[in-house]
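Please look at the sequence and the 3D structure shown here, and keep both in view while you read. The paragraphs that follow go from single residues to a helix, then to a pocket, and finally to a loop.

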Amino acid sequence: MAALKAPSKSPRQDQKRVPSQGDYETLSQFRYLIRRFLEFSQDAAKAAGLTPRQHQALLAIRGYPGGGPVAVGDLAERLRLRHHTTVELVDRLSEAGLVERVLDPADQRRVLLKLTGLAADHLAELSAVHLDELSRIEPLLKQVLSRRSE
């Protein structure tokens with residue numbers, strides 16, 4: 001996994017803010033909504049016959065900026081996994097007929113990943129239900145995030 005850099009501090013961050021009870025409640029509610037969405041996502045992936053990590057990988061490939069094939073290293077970064085762990089995941093996706101490896105036309109040493117038709121079908125169905133769920137929880141997320149600006 002790429003080394004994480006400490007976020008640069010803005011002048012505002014130099015002054016330590018003491019969280020209020022409302023801040024704790026906002027952070028707690030935000031994490032709760034994220035956990036609920038992730039639980040929903042895991043259950044939906046399993047119902048579609050995928051592991052949650054396979055679903056995340058397919059989405060990361062399809063949703064990569066530019067929409068073209070993705071290098072394994074870029075997928076590893078998107079999934080926040082080590083390179084060798086991502087290679088093992090790609091091996092399983094390939095064996096399941098969900099991902100194809102293609103050589104980069106610009107650099108024959110580089111392997112790129114693209115979704116198969118089967119993967120695209122699974123992902124379209126999963127994405128539709130995920131978008132419905134996001135629409136359902138959007139008002140709650142907006143409410144939590146608007147509290148932060150108060």
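**From a helix residue to a pocket and a loop**

T26 is found in helix α1, in a model that is predicted. T26 counts as buried because its relative accessible area is 10%, and the cut-off for buried is under 20%. Leaving aside neighbours within four places in sequence, T26 is in contact with V144 and R147. The C-alpha atoms of T26 and R148 are separated by 7.1 Å, although these two residues are 122 residues apart along the chain.

Before going further, it helps to ask how confident the predictor is. The chain averages a pLDDT of 91, and 89% of the residues score at least 70. Confidence is highest in helix α2, residues 52-62, at a mean of 98, and lowest in strand β3, residues 107-115, at a mean of 92. Where pLDDT is low, the predicted coordinates should not be read in detail.

Now return to α1, which covers residues 21-47. At 1.5 Å a residue, its 27 residues should span 39 Å, and the end C-alpha atoms are indeed 39 Å apart, so the expected span and the model agree. Along this helix the buried residues are D23, T26, L33, F37, S41, A44 and A45. What covers these buried residues of α1? Helices α2 and α5 are among the elements that do so. After α1 comes G49, a residue whose phi is positive, near 85 degrees.

Two histidines let us see how these helices meet. H55 lies in helix α2, and because its relative accessible area is 3%, H55 is buried. Not counting residues up to four places away in sequence, H55 touches S41, A45, L50, L123, L126 and H130. The last residue in that list, H130, is found in helix α5, and H130 counts as buried because its relative accessibility is 9%. With residues up to four places away in sequence again not counted, H130 touches F37, F40, S41, A44 and H55. S41 of α1, a buried residue of that helix, is therefore touched by H55 and by H130.

Some of these residues appear again around an open space in the model. The second largest pocket has a volume of about 290 Å³. Of the 14 residues that line this pocket, the closest to its centre are F37, S41, H55, Q56 and L59. Which elements give two or more residues to the lining? They are α1, α2 and α5, the last of these covering residues 117-148. The largest share comes from α1, with six residues. By type, the lining of the second largest pocket divides into seven nonpolar residues, six polar residues and one charged residue.

The last stop is a loop, where R80 is placed between α3, residues 72-79, and α4, residues 83-95. Is R80 buried, exposed or partly exposed? R80 counts as partly exposed because its relative accessibility is 30%, a value that falls between the cut-offs of 20% for buried and 50% for exposed. The phi of R80 is near 60 degrees, a positive value in a residue other than glycine.

Methods:
Residues are numbered from 1 along each chain as its sequence is written. This is a predicted model: local features need pLDDT of at least 70, side-chain atom pairs count only at pLDDT 80 or more; totals for chains, interfaces and linings use all residues. Side-chain values use heavy atoms; hydrogens and water are left out. Helices (H or I, at least four residues) and strands (E, at least two) are DSSP runs, numbered from the N terminus. Buried means under 20% relative accessible area, exposed over 50%, partly exposed in between (1.4 Å probe, protein chains only). pLDDT is the predictor's confidence in each residue, from 0 to 100. On a 1 Å grid over the protein atoms alone, a cavity is a set of points where a 1.4 Å probe fits but cannot get out, and a pocket is an open set with protein on both sides within 12 Å along at least five of seven lines; lining residues have an atom within 4 Å of a point. Grid points are joined across faces, edges and corners, and a volume is the space filled by probe spheres set on the points. Ala, Val, Leu, Ile, Met, Phe, Trp, Tyr, Cys and Pro count as nonpolar, Asp, Glu, Lys and Arg as charged, and the others, Gly among them, as polar. Contact means heavy atoms within 4.5 Å. The expected span of a helix is 1.5 Å times one less than its number of residues.
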